[in-house]
Amino acid sequence: MRLLFIGDVVGKPGRQGLAAAMPGLRAERMPDLVVVNGENAAGGVGITAETAAEIFEAGADVITLGNHTYRHRDVYPYLDSERRIIRPANFPAANPGRGHTIAEAAGMRVAVINLSGQMHLQVERNPFPAIDELLESLAGAADAIVVDFHAELTSEKVAMGWHLDGRVAAVLGSHTHVPTADARVLPGGTAHVADVGMTGSRAGVIGVRREQALRAFKSQMPVRFDTADEDVWLMGVAVEIGDDGLARGIDQILIPVTS
Ligand SMILES: [Fe+2]
Ligand SMILES: [Fe+2]
């Protein structure tokens, strides 16, 4: 089974970049399952039903989210009704949406889980015991498991890779928008990368127009942020998963879409 996991789609430039890059990527990688992080899809922060539909239209089978899940109120009912979009599983259980979904791909039942780190991010539960419990509840329900670990710290992300090594097919990091150079299959058979990066403009500061981000850093005053739109790249990973539900390989994908 070939999985394509694509990092945080940032604003309209990100959505357009995803749509532009997908046909070529699909022809080259022939994915059976495409998972896209969409937490920055709408105006750079959060997601709406309309922007989610655009991402599905571009070829996503599952959309994962993160700390910006609840930015737009009108998406809450959509998070409850659309099974293909998921938010971190360790958020309060009563919050809108669900933490995992099961997709069919190449004859396998693939559980896709969204999980948030707890360092510098707000969660209800520590992600480590939370994922243990969730995996226990999924026993027998999935042939392979893929985790989008949406977290700030590389240390927490590397730790989660080791925590789940041999128990899931992949632990793929999102949230920082900057890809890390550590993609590998861990000894137990779990594909891991601390962060896959984003799908958006490299001309800004993790998706924000650079002059605005610089003004905020220099002045320490509130600054209105707009989405950067030049030099859009698609960033992600391709993971090959065997019938045993473990990874055979992981390749980093860094593709310039516009200049
Ligand atoms: Fe993000
Ligand atoms: Fe995030």
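**Close-ups of helix packing in a predicted model**

**View 1. Helix 4 and helix 5 are roughly parallel to each other**. That label fits because angles under 35 degrees count as roughly parallel, and these two helices pack at about 30°. Their axes sit 11 Å apart in this predicted model. To find your way around, look for residues 127-137 (helix 4) and residues 154-164 (helix 5). As for handedness, the crossing of this pair is right-handed.

**View 2. Here's who touches whom between helix 4 and helix 5**. Helix 4 brings P127, F128, I131, D132 and L135 to the contact. From helix 5 come E156, A159, M160, H163 and L164. Sort the residues of this contact by character and you get seven nonpolar, one polar and two charged.

**View 3. Helix 2 lines one face with its buried residues**. Helix 2 covers residues 49-58, and its buried residues are T51, A52, I55, F56 and A58. Looking down the helix axis, you'd find them within an arc of 160°, so they line one face. Why can residues spread along a helix share a side? An α-helix has 3.6 residues a turn, so residues three or four places apart point the same way. Now check the other side of helix 2: E50 and E57 are exposed there.

**View 4. Several neighbours cover the buried residues of helix 2**. Among the helices doing the covering are helix 1 (11-29) and helix 3 (76-81). Strands pitch in too, including strand 2 (33-37), strand 3 (62-64) and strand 4 (85-86).

**View 5. G59 comes just after helix 2**. Take a look at its backbone: G59 has a positive phi of about 125°.

Key
Residues are numbered from 1 along each chain as its sequence is written. Chains are lettered from A and ligands numbered from 1 in the order in which they are written. This is a predicted model: local features need pLDDT of at least 70, side-chain atom pairs count only at pLDDT 80 or more; totals for chains, interfaces and linings use all residues. Side-chain values use heavy atoms; hydrogens and water are left out. Axes are lines fitted to C-alpha atoms, for helices over the stretch in contact, and angles run from 0 to 180 degrees between N-to-C directions. Helices (H or I, at least four residues) and strands (E, at least two) are DSSP runs, numbered from the N terminus. Angles under 35 degrees count as roughly parallel, over 145 as roughly antiparallel, 65 to 115 as roughly perpendicular and the rest as oblique. A crossing is left-handed if the near helix is turned anticlockwise from the far one by less than a right angle, and right-handed if clockwise. Contact means heavy atoms within 4.5 Å. Ala, Val, Leu, Ile, Met, Phe, Trp, Tyr, Cys and Pro count as nonpolar, Asp, Glu, Lys and Arg as charged, and the others, Gly among them, as polar. Buried means under 20% relative accessible area, exposed over 50%, partly exposed in between (1.4 Å probe, protein chains only). The arc is that of the directions from the helix axis to the C-beta atoms.
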